[in-house]
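Please work through the exercises below with the sequence and the structure open beside you. Each task is followed by a solution that goes step by step.

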Amino acid sequence: MLKKVTVLLVFMLTVGVVNAHELNGTVISEDNEKPLQGVGVYNKNTGTYTYTNVSGYFEIDDISVGDVIYFYQLGYENYQLTIDESHLDSTIEVIMEISSASLEQVLIVSKVNVLSNIVNVDVKTSPVKSSQEILRKIPGLIIGQHAGGGKAEQIFLRGFDIDHGTDIAIDVDGMPVNMVSHAHGQGYADMHFIIPETIENLDFGKGSYYADKGNFNTAGYVDIKTKTKIDKNLISVEAGQFNTVRALSMLKIWDGENSNAYVASEMNLTDGVFESPQNFNRLNIMARYNYNNYANQEFNLSLSHFQSKWDASGQIPQRAVDQGLISRFGAIDDTEGGNTSRTNIWMNHIKHFDEHSSLTSSAYVSNYDFELFSNFTFFLDDPINADQIRQFEERTIIGAKSVYEKSLHLDDHDKQLKYRVGVGFRYDDVNENQLSRTKNRKELLERLAYGNVDETNAFSFADLTYKVNKWTINPGLRLDYFTFDYEDLLSELYDSKSENKALLSPKLNFIYAAAPNTQFFLKTGLGYHSNDSRVVTAQSGEQILPTAFSTDLGTVIKPTDKLVINAALWSLFLQQEFVYVGDAAIVEPSGKTARYGIDFGLRYQIADWLYFNTDVNYTVARSTEEPDGQDFIPLAPDLTSAGGFTVNNLGNFSGGISYRYIKDRPANEDNSIVAEGYFVTDLNLNYNCDNWTFGLIVENLFDVDWNETQFATESRLFNEADSVEEIHFTPGVPFFLRGKVSVRF
């Protein structure tokens, strides 16, 4: 049952016969009586929809007597208004009441990325253990750690081994996470500087259909939004096996009428599950200031610092375990590891010029450093000193973006028009980007690559959303311009090369609202990921912005208030490219590829306290330039699934049980080496008592043996005369128990 809300009607005088009427007003929260931004306002009869601005104001056209208007936002009870004569051309005030997030609060509107709204129910109802784990909320996305917890995770999505971010664009509050021309890998996306409890929601999309998304948006994108303010202070301590400790605080330092500020901090310590202690530590701190005049503008200013240091056992060869040389949690070279840090300052500002137009701006500066020691091949290249490598860089990133948005009100019934125009830039200044051969982290044996990178991306985009009757048409166009500069510091003479490139990427999306809470969609567009500046200059500007062409055909259906089903058929084609292999300082060509797949998801609010979700994703990924049987794409997942049950507010209890599954997949081009799949189950249980929460977290509940990351690698052990190519893996965590105590005040 929906709770009654207060509605104040202020009637407006009208003259003559009006064929189309409008409804406008403001929406406020019952807890603090302040305007609510981002509340959806949806006309169930016509499919027309809008969202409230920073002042809580909305305006929806073309209403008629008998229309049913929904007001909805996650965390608030829906409000339903049936239009009668008194509502026509009137102004109203709606007070919405707070409620636990549930599937009932999500409506299927004619929005290009409505699935994001649905998946945010998963985010709100089930907490994550780390910021990187937020990626697991995205249907079909799999992550894996393979370097002691400090390195960015390996990502898999839509038949891509994305490595650490090459084919997925990740942003936080408009600030990019991906690193271009990175010492370890193109698109490297380390999200560990985000404190998970500060995450408000996420927006994501698969494919390359979005004009405002640029570099690395081939398989998809993820935009993470952090909290602008906190309602209560929070202190939490977590401790468990393997000498694991995590401490968190989120404290309000200012709470004024139109402004507020808070500070969040996090410390992680663990020795890890390996026989050689990881000596892992991570420190995060973030400060956020928010100003909102609740009239026409909002401003956020944020500062954060992150640093991490760790030792690692690396990937180990299967034969060493089979021969009893080491255990699953042993090491061939336990001198691997690294350290990294990132300091950020970023701002976001939105200004509403009137009820129909606004300007949203963001800007950021980041200072970043990275050092990683690895040994993938052991004694293959150097039987005396071994094959340890060091990757290092120092970087400054500067960028900004502004987007102007305007809605046009048309006279004809059932028509809406909105357009966006955006411009921006990103500049990366990377110093001492290098790959070296080292021994025991101390001795420099040889520099393999050493140079400075300057890379600039200037861009502009425009898109149009036109709704007529049951159809929504969304064309878009994006223009990117790149300059790539690389100075080779290994050369005895000054050696600096520069290339530039422009790329135009069109997008076109169709949505058909067959019925209320039912949509069919066809999405298509071109995307790209840039290549490393060292490749661009080495190849004289050839194939430096390989294009991806993708298409989605699918549906999202909500047959009842408590059930949502989504399904899609998709394809993605990627052009020839040259890839810079940071671990070897070589340029490795790869040919054209094709990927086809099916996505299926189901979410069911079984009861007010019980929520179920599951996603199943199947992909066929092949090289189009190799013969049958030799055309597999190494490590590309073909069948994955994830889901679980979540319990909320069952008396004093909450928690959930979740699973993730990945099928066996090829580890090399002819499928002669196979990466083993796994099925892993996690559990969390919480008991709430007043302001206190006591929790248990169990990873790998059934203590299965599983390999978190796997690679087909040629290596040689110290006692071997010849090298062997086989699976090298990082073992997944065994049964891992932690306790947690939190207090809010």
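Helices (H or I, at least four residues) and strands (E, at least two) are DSSP runs, numbered from the N terminus. The model is a predicted one, in which local features need pLDDT of at least 70, side-chain atom pairs count only at pLDDT 80 or more, and totals for chains, interfaces and linings use all residues. Residues are numbered from 1 along each chain as its sequence is written, and side-chain values use heavy atoms, with hydrogens and water left out.

**Exercise 1. Describe the overall fold and its dimensions.**

Step 1. Begin with the secondary structure, which comes to three helices and 46 strands.

Step 2. Turn to the extent of the C-alpha trace, which spans about 95 × 60 × 50 Å along its principal axes.

Step 3. Compare the radius of gyration (taken over C-alpha atoms; the globule rule is 2.2 Å times the number of residues to the power 0.38) with what the rule predicts. A compact globule of 745 residues would have a value near 27 Å, and because the protein has 26 Å, the two agree.

Step 4. Finally, consider burial, where buried means under 20% relative accessible area, exposed over 50%, and partly exposed in between (1.4 Å probe, protein chains only). Of the 745 residues, 56% count as buried.

**Exercise 2. Find how far helix α1 is covered.**

Step 1. Locate helix α1 at residues 114–125.

Step 2. Count the buried residues, which are 11 of the 12, so that the helix is mostly covered. Among them are Val 114, Leu 115, Ile 118 and Val 121, and also polar or charged residues such as Asn 117 and Asp 122.

**Exercise 3. Examine two residues with a positive phi.**

Step 1. Recall the general background: most residues other than glycine have a negative phi.

Step 2. Look at Phe 216, which is not a glycine and yet has a positive phi of about 75 degrees. Phe 216 lies in the loop between β16 (199–206) and β17 (220–226), and with a relative accessible area of 2% it is buried.

Step 3. Look next at Asp 703, whose phi is near 55 degrees, again a positive value in a residue other than glycine. Asp 703 sits in the loop between β43 and β44 (707–715), and its relative accessible area of 45% makes it partly exposed.

**Exercise 4. Trace salt bridges that link separate parts of the chain.**

Step 1. Fix the term: a salt bridge is a side-chain nitrogen of Lys or Arg within 4 Å of a carboxyl oxygen of Asp or Glu. The structure holds 34 salt bridges.

Step 2. Take the pair Arg 437 and Asp 382, whose side chains meet in a salt bridge at 2.5 Å, N to O. Arg 437 lies in strand β27 (residues 415–439) and Asp 382 in the loop between β25 (357–374) and β26 (389–409), so the pair ties together parts that are 55 residues apart in sequence. Both Arg 437 and Asp 382 are buried.

Step 3. Move to Arg 420 and Asp 463, which form a salt bridge with their closest N and O atoms 2.7 Å apart. This pair links strand β27, which holds Arg 420, to strand β28 (residues 443–468), which holds Asp 463, across 43 residues. Asp 463 is buried, at a relative accessible area of 10%. Arg 420 and Asp 463 also belong to a network of salt bridges together with Asp 212, Lys 213 and Asp 223.

Step 4. End with Arg 660 and Asp 682, where the closest N and O atoms of the salt bridge are 2.8 Å apart. Arg 660 in strand β39 (residues 653–662) and Asp 682 in strand β42 are 22 residues apart. Arg 660 counts as buried at 8% relative accessibility, and Asp 682 is buried at 7%.

**Exercise 5. Identify pairs that are separated in sequence, and place one member of each.**

Step 1. Ala 287 and Leu 301 are 14 residues apart in sequence and 8.4 Å apart in space, C-alpha to C-alpha. Ala 287 belongs to strand β21 (residues 280–292) and is partly exposed, with a relative accessible area of 27%.

Step 2. Thr 91 and Glu 59 are 32 residues apart along the chain, and their C-alpha atoms are separated by 9.1 Å. Thr 91 is found in strand β8 (residues 90–96) and counts as partly exposed at 28% relative accessibility.
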